[in-house]
Protein chains: 2
Amino acid sequence: MTGQSGFQAQTRRQLLTKIGVLAGSAGLYQAMTSMGHAMGTDFKGPPKLSGAKPGTRVVVLGAGLAGLLAAYELRQAGYKVRLLEFQNRAGGRNISLRGGDSVTELGGATQKVAFAPGNYINPGPWRIPYHHQGLLYYCRKFGVALEPFIQLNHNAWLHSSQAYGGKRLRYREFAADFSGYTAELLAKAINQHRLDDIVTPEERAHVLSSIGTWANLDDDGVWRAGARSSQHRGYDKARGAGVDGAPTFSTPAPRSEVMGSGLAQWLAFPEQLDMQTTMFQPVGGMDNIGKGFARQVQDLITLGCMVTAIHQDEHGVKILYDDVAHGGASRVEEADYCVCTIPLPVLSQLDVQVSDRMKAAIAAVPYASSVKLGMEFKRRFWEDNDQIYGGISFTDQPIGQIAYPSHGIFSQGPAVLLGGYMFGPAAMDFTTMTPAQRIEEGLRQGLALHPNYRSEFRNGVAVAWSRMPWTLGCCSMWSEQARKMHYKTLVGMENRLVLAGEHASYVGCWQEGAILSSLAAVEQIHKRAQGVG
Amino acid sequence: MTGQSGFQAQTRRQLLTKIGVLAGSAGLYQAMTSMGHAMGTDFKGPPKLSGAKPGTRVVVLGAGLAGLLAAYELRQAGYKVRLLEFQNRAGGRNISLRGGDSVTELGGATQKVAFAPGNYINPGPWRIPYHHQGLLYYCRKFGVALEPFIQLNHNAWLHSSQAYGGKRLRYREFAADFSGYTAELLAKAINQHRLDDIVTPEERAHVLSSIGTWANLDDDGVWRAGARSSQHRGYDKARGAGVDGAPTFSTPAPRSEVMGSGLAQWLAFPEQLDMQTTMFQPVGGMDNIGKGFARQVQDLITLGCMVTAIHQDEHGVKILYDDVAHGGASRVEEADYCVCTIPLPVLSQLDVQVSDRMKAAIAAVPYASSVKLGMEFKRRFWEDNDQIYGGISFTDQPIGQIAYPSHGIFSQGPAVLLGGYMFGPAAMDFTTMTPAQRIEEGLRQGLALHPNYRSEFRNGVAVAWSRMPWTLGCCSMWSEQARKMHYKTLVGMENRLVLAGEHASYVGCWQEGAILSSLAAVEQIHKRAQGVG
């Protein structure tokens with residue numbers, strides 16, 4: 001990936017190396033900080049598009065976040081914009097389902113959502129990392145209220161059918177034992193001088209101290225039942241008050257059980273840049289973002305436009321579409337330029353007048369299959385019984401995880417959780433099931449984490465993204481190989497057409513990818529219209 | 001600590017060991033789960049106090065959470081309760097400061113809080129762990145709304161004047177490098193067969209896989225600049241969109257810098273049971289808990305009662321107090337029993353009719369010195385400039401930490417952060433300063449984390465708990481030795497008097513300690529009044 005960042009990055013790195021050599025590491029860190037490194041976002045503020053030629057027309061295809069934002073910024077710049085959307089709603093994959101909504105999928109199955117008033121599930125995007133500054137900027141600008149999304153929960157369950165006798169255990173218990181044994185093993189190697197050729201005498205003391213502190217080992221470098229280990233993994237009998245207030249310590253699981261469990265992946269999960277704290281969600285449902293964006297360009301949107309062809313020549317672009325709201329009548333929209341945000345699995349089936357190279361790029365990116373289960377229960381038993389407030393329990397079963405709502409914590413009445421989030425092969429299996437079978441499977445597998453799952457269940461909805469006719473998949477899955485061969489072609493402007501959407505970015509499968517790609521597309525069109533691109 | 005848990009815990013552990021031997025670890029885990037282990041709370045629900053003799057009088061001293069709850073539960077049970085409080089407000093250390101409030105400390109210094117409307121600081125308790133089920137239960141019962149408190153923030157700053165050239169770095173950068181090098185070192189020891197006497201051949205593969213997954217090492221077990229390390233520590237140039245969308249990788253700090261930094265303590269911090277996710281705070285200020293509790297017993301409270309003596313004999317208790325609101329007139333309150341929640345540094349100075357053993361216990365527990373700085377800034381620059389939304393930055397300077405508000409994220413206008421939270425020697429140093437000096441020192445030290453600190457500053461308030469006349473310290477600091485010698489005496493009922501408060505618990509310095517100790521005290525009084533205790 002660095003190979004594509006070109007000359008600037010190379011010279012900056014060379015410069016930093018020189019500074020490092022000259023000034024030592026202190027100088028290097030100072031230089032890195034002052035040069036604005038590691039800010040975690042590629043958002044550089046809203047585009048500055050001055051001097052648009054009045055009357056220049058741009059047609060935008062698709063009213064997801066990328067299309068809505070392109071329409072907004074282009075109109076702000078003075079362009080004459082029209083936005084065509086296939087569905088009878090704006091927002092694209094930014095969607096929330098509530099009681100009364102229906103979901104119809106390819107194959108004809110229709111689900112009517114039966115959630116209680118106020119409850120919802122976000123079947124598409126559901127969380128926003130702190131470094132997705134483009135999306136956060138526009139949420140503020142468009143008045144979309146956000147609240148914390150709880151990703152990591154130390155008291156949530158981990159479950160593997162292959163470990164701990166198939167029994168669930170708390171994240172904190174596993175995390176503490178894992179760090180305890182990892183530190184203990186390394187402390188042994190260092191204490192017994194087995195790494196003296198790698199670790200200098202001075203560093204030996206530092207490593208021992210750091211890992212002992214991190215894992216809360218006993219002073220002799222051992223992970224065992226006692227005050228230190230219970231302080232991280234929890235007590236058998238909790239600390240109390242009065243004459244019987246003394247706690248009793250818990251006992252770590254055997255090291256072989258911990259290391260052989262395959263559960264360490266769930267410690268790595270919240271450490272990924274995209275999953276780190278603080279995360280956010282819109283208050284009241286993810287679709288408040290789509291609605292907030294759509295409010296800005298409501299008058300530009302025409303719903304029910306099924307695009308069939310995108311033609312272009314030296315004079316302009318011609319969009320052929322069927323007007324779904326009017327019996328499918330064939331219509332034509334003409335413009336000077338086009339921003340096309342249609343998802344690639346759909347776009348690849350249309351008649352698009354682009355080079356073979358671009359056609360190959362459009363066909364080169366498979367979309368992930370994904371299924372999400374929204375399940376409503378009579379009450380928040382995960383809070384009342386399990387003391388789990390938001391966050392995620394993980395399992396090695398196909399459902400993968402159960403995610404608890406970050407909103408409405410401690411409230412009474414029915415509540416909705418994410419009863420499964422499948423990607424890849426598990427998603428394909430679930431996609432072949434009927435919606436009712438998917439929910440039944442979610443219930444059955446969920447029992448390993450919540451024994452009272454069935455008795456608390458009310459109803460559910462299962463969204464299989466590969467069966468959503470307007471996207472035919474969840475999101476783009478670029479391989480390294482495809483990226484090298486096709487990315488620059490896909491995101492480059494070709495004649496009067498430029499693509500946008502999460503697929504036209506390095507932030508695939510995230511709304512931020514849609515935002516950043518939209519801004520990149522808008523800037524390309526503006527340059528071209530100015531005769532400089 | 002286990003030594004005090006007595007026979008029951010011993011036999012349970014013996015039983016579990018037997019189950020483990022007979023059934024293997026699967027059986028052991030099943031048994032532990034079904035026996036209700038590891039629930040993390042010692043709260044067993046509200047007390048069941050039936051059959052109170054009508055007319056039995058209980059006087060409660062101190063209207064902090066322990067006193068308020070004792071008054072509430074005793075009245076519910078049918079006792080005739082009166083609650084005497086020294087201050088002119090209920091709530092005790094459960095307090096929030098807002099614009100217009102004043103704080104007067106021993107020595108006479110008075111601070112007038114100048115925060116903008118809606119802003120506040122919680123100078124006492126400020127966060128609630130998920131396992132403090134007693135407090136959470138009564139918050140629900142008394143209608144106190146809670147919201148998530150963000151403890152861990154991967155994007156917050158870490159700073160040591162002794163490491164990284166004295167420059168701040170992101171938590172995520174340190175955390176990723178620390179886990180990377182820890183796993184790399186252990187992987188080397190295992191790969192090179194240096195731990196074969198400790199780790200079996202089968203376990204070798206498990207450990208390598210687990211630590212590699214956890215730290216996101218490259219496949220060869222190395223922590224180096226690349227896709228894997230940047231995925232955890234962040235990129236130099238973030239992932240973007242369009243033709244220039246490719247990221248560039250960041251470079252890990254040298255291992256010696258990471259291991260010698262002393263920063264590993266901050267990785268351990270959020271893994272402590274009391275600091276784990278999910279944490280909570282009351283919406284609008286911590287004192288909404290005190291107010292919620294006080295609403296239940298408003299008619300029982302008399303403010304401005306400075307207790308001078310607690311006398312008791314076979315007929316009852318006599319509380320001597322000065323009526324502050326009426327020129328300090330001496331008054332006497334008589335009752336059958338007394339729950340005393342007066343903090344030990346104050347109580348130890350009063351004339352209390354108890355055994356020498358109890359007097360020794362009361363004198364045996366030192367209280368922590370603690371100082372908190374509430375600082376208001378013109379805007380949330382930590383969000384706008386640093387992308388830090390809630391959570392805590394840590395430094396090795398005396399201020400210890402800067403904690404950002406978990407509420408009002410993304411809002412405009414002035415906001416208050418916790419500009420320092422000192423315990424121990426640092427707190428004593430700050431306590432000797434004037435309030436203005438404390439704030440100036442907070443500003444000066446904060447510059448290492450936020451270079452724009454001074455230009456954004458508006459005003460501040462500094463609460464030194466050792467100078468609060470009604471508590472003379474922050475909270476109880478039991479030593480293991482004092483616990484062994486004095487705890488059972490301190491929490492035992494002596495004649496007609498029983499103590500309550502966080503000091504009478506194993507959950508010291510937490511509101512949960514006050515709650516659990518209050519329930520324990522109430523139960524002791526009820527038993528005694530029933531003639532069974």
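**Exercise 1. A β-α-β unit in chain A**

Which elements make the right-handed β-α-β unit that contains helix H2 of chain A?

*Solution.* Let's walk through this predicted model one step at a time.
- Step 1: Find helix H2(A), residues 65-77; together with strands E1(A) and E2(A) it makes a right-handed β-α-β unit.
- Step 2: Look at how the two strands pair. E1(A), residues 57-61, and E2(A), residues 80-84, run parallel and are joined by 5 bridges.
- Step 3: Pick out one pair of residues across the strands: A:Val58 stands opposite A:Val81 of E2(A).
- Step 4: Follow E2(A) to another partner. Strand E13(A), residues 301-302, runs parallel to E2(A), with 2 bridges between them. Here A:Leu84 has A:Thr302 as its bridge partner.

**Exercise 2. Edges of a sheet in chain B**

Which strands stand at the edges of the open sheet E17-E16-E15-E19 in chain B, and why is one side of each left without a neighbour?

*Solution.*
- Step 1: Write down the order. The sheet has 4 strands, E17-E16-E15-E19, it is open, and its pairing is mixed.
- Step 2: Read off the ends. E17(B), residues 329-335, and E19(B), residues 351-352, are the edge strands; each has a single partner strand, so one side of each has no neighbour in the sheet.
- Step 3: Now turn to E15(B), residues 305-312, and E16(B), residues 317-323: they run antiparallel and 7 bridges join them.
- Step 4: Name a facing pair: B:Cys305 is opposite B:Asp323 of E16(B).

**Exercise 3. Buried or exposed?**

Is B:Asp323 buried or exposed, and with which residue does B:Asp323 form a salt bridge?

*Solution.*
- Step 1: Buried means under 20% relative accessible area. B:Asp323 has 9%, so B:Asp323 counts as buried.
- Step 2: The salt-bridge partner is B:Arg331, with the closest N and O atoms 2.6 Å apart.
- Step 3: B:Arg331, at 32% relative accessibility, counts as partly exposed.

**Exercise 4. A link between distant parts of a chain**

Where do the salt-bridge partners A:Arg98 and A:Asp287 lie in chain A?

*Solution.*
- Step 1: Recall the idea: side chains of opposite charge can pair when their charged atoms come close.
- Step 2: Check the distance. The closest N and O atoms of A:Arg98 and A:Asp287 are 2.8 Å apart, and the two residues form a salt bridge.
- Step 3: Place both residues. A:Arg98 lies in strand E3(A), residues 97-98, and A:Asp287 in helix H9(A), residues 287-297; they are 189 residues apart, so this pair links distant parts of the chain.
- Step 4: Compare with the cut-offs. A:Asp287, at 8%, is buried, while A:Arg98, at 23%, counts as partly exposed.

**Exercise 5. The two faces of a helix**

Which residues of helix H11 in chain B are buried, and which exposed residues does the face turned away from the buried side carry?

*Solution.*
- Step 1: Within H11(B), residues 356-363, the buried residues are B:Met358, B:Ala361 and B:Ile362.
- Step 2: These residues lie on the same side of H11(B) because they cover an arc of only 100 degrees around the axis.
- Step 3: See what they meet. The buried residues of H11(B) pack against helix H10 (344-347), helix H16 (480-491) and strand E25 (497-499) of chain B.
- Step 4: Turn to the other face, which carries exposed B:Asp356, B:Arg357 and B:Ala363.

Key: Residues are numbered from 1 along each chain as its sequence is written. Chains are lettered from A and ligands numbered from 1 in the order in which they are written. This is a predicted model: local features need pLDDT of at least 70, side-chain atom pairs count only at pLDDT 80 or more; totals for chains, interfaces and linings use all residues. Side-chain values use heavy atoms; hydrogens and water are left out. Buried means under 20% relative accessible area, exposed over 50%, partly exposed in between (1.4 Å probe, protein chains only). The arc is that of the directions from the helix axis to the C-beta atoms. Contact means heavy atoms within 4.5 Å. Two strands pair if DSSP finds at least two bridges between them. A crossover is right-handed if, with the strands pointing away from the viewer, the path from the first strand over the helix to the second runs clockwise. A salt bridge is a side-chain nitrogen of Lys or Arg within 4 Å of a carboxyl oxygen of Asp or Glu.
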